[in-house]
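Reader: I want a close look at one part of this model. Please take me through the place where the domains meet.

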Amino acid sequence: MTQALSLVFCGTPQFAVTTLEKLVAAGFGVRLVVTQPDRPKGRGLELVASPVKQSALKLGLPISQPERIKTNDEFRAQLGGLKPDGIVVVGYGRLIPQWMLDLPGLGNINLHASLLPKYRGAAPIQWAIAQGETVTGVTTMRLDAGLDTGDILLQKEVAITTEDTAETLAPRLAAIGADLMVETLRGLQAGAIRPRAQDNSQASLAPILQKEDGLIDFSRSAAEIFNRVRGFQPWPGAHTRFRGKGLEILWARPASEVMPAAELRVQADRLLVGCGQGSSLELLELQLEGKKRTPARDFIHGYRLQAGEKLG
């Protein structure tokens with residue numbers, strides 16, 4: 001019987017929890033869980049543990065939360081003393097220093113939520129949807145000093161439906177990615193995986209999202225804006241201005257009407273807005289600054305929209 005691999009797991013968000021739990025269930029020896037320090041959240045700014053820490057506590061696993069890792073001698077000695085076969089990294093949120101890359105025999109194995117080399121960076125799920133992709137996937141790779149540039153180990157494709165948002169797609173990718181990580185580690189242990197270099201000429205970036213990424217440009221087509229509404233949930237959202245206040249478009253769908261860009265039109269209980277290239281969106285759910293989520297019908301009657309009013 002093959003001896004279980006000894007692992008260190010580095011991760012922080014909910015997306016990473018699925019892989020951690022799958023590794024434990026599959027019998028791997030997770031010797032240490034490394035995650036970000038507790039951060040203040042909410043109005044009371046109470047310290048909140050990361051989803052990965054909460055999972056590790058339930059699983060009874062040792063936890064380390066270093067504020068920094070590159071020049072942390074104590075943390076380096078801790079990992080060195082464990083002598084792990086591999087380090088698994090899923091959404092940890094820190095650049096892995098060279099000494100960590102060099103430490104385990106199997107290397108640092110990362111799960112990335114795209115089909116690399118497409119969508120390298122911090123927000124691959126959001127940008128894949130926002131760019132209108134119909135297929136994405138997950139990749140396991142061996143980390144190197146670059147940004148998601150390491151050799152590919154295994155990949156699996158996942159379809160993106162027209163109803164998918166970043167919130168609905170992420171759990172599917174997390175589950176498929178967790179299985180792929182187990183398959184990758186077993187394949188590496190058996191010597192059955194041949195790493196392959198990425199084609200850098202095919203690379204695209206998925207940078208960390210900024211608030212301004214969600215600002216709606218009504219010169220874009222309805223299809224483009226719809227993809228951004230789906231991709232940028234829950235943050236930064238798809239937002240604009242209405243009567244001088246911030247307005248978030250929570251859900252919409254492309255419509256067939258030809259209208260001037262940014263112009264609002266009411267048709268019975270339907271609320272339409274003009275977009276680029278003569279296209280339009282039907283707005284289905286909105287939230288005005290300081291107000292609750294509102295279906296379009298209630299928004300129409302609540303604000304008594306006037307013909308020719310515009311967004312933005």
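Author: Contact here means heavy atoms within 4.5 Å. By that rule, 13 residues of domain 1 are in contact with 10 residues of domain 2. This is a predicted model: local features need pLDDT of at least 70, side-chain atom pairs count only at pLDDT 80 or more, and totals for chains, interfaces and linings use all residues. Residues are numbered from 1 along each chain as its sequence is written, and side-chain values use heavy atoms, with hydrogens and water left out.

First, the two partners. Domain 1 covers 6-206 and domain 2 covers 211-310. Those bounds come from an automatic or database domain assignment. The C-alpha centres of the two domains lie 36 Å apart.

UniProt has its own spans. An unreviewed entry gives "domain: Formyl transferase N-terminal" at residues 8-185. It also lists "domain: Formyl transferase C-terminal" at residues 209-304. Such positions follow the numbering used here, feature names are shortened, and annotations may be inferred rather than shown by experiment. Residues 8-185 are 35% helix and 25% strand, with end C-alpha atoms 13 Å apart. Residues 209-304 are 19% helix and 39% strand, and their end C-alpha atoms lie 34 Å apart.

Now the interface area. Domain 1 and domain 2 bury about 960 Å² between them. Carbon and sulfur atoms account for 55% of that. Buried area is the accessible area (1.4 Å probe) that two parts lose on being put together, summed over both. On the domain 1 side, W127, A130 and E167 supply 40% of the area buried against domain 2, more than any other three residues.

Next, the polar side. The rule finds 0 salt bridges across this interface. A salt bridge is a side-chain nitrogen of Lys or Arg within 4 Å of a carboxyl oxygen of Asp or Glu. There are 3 residue pairs in polar contact between the domains, both residues at pLDDT 80 or more. A polar contact is a pair of N or O atoms within 3.5 Å; within protein, one must be able to donate a hydrogen and the other to accept it, and residues adjacent in sequence count only if both atoms are side-chain atoms.

Which helices build the domain 1 side? α5 (124-130) and α6 (166-190) each supply at least two residues. α5 gives the most, with 4 residues. Helices are DSSP runs (H or I, at least four residues), and strands are runs of E, at least two; both are numbered from the N terminus.
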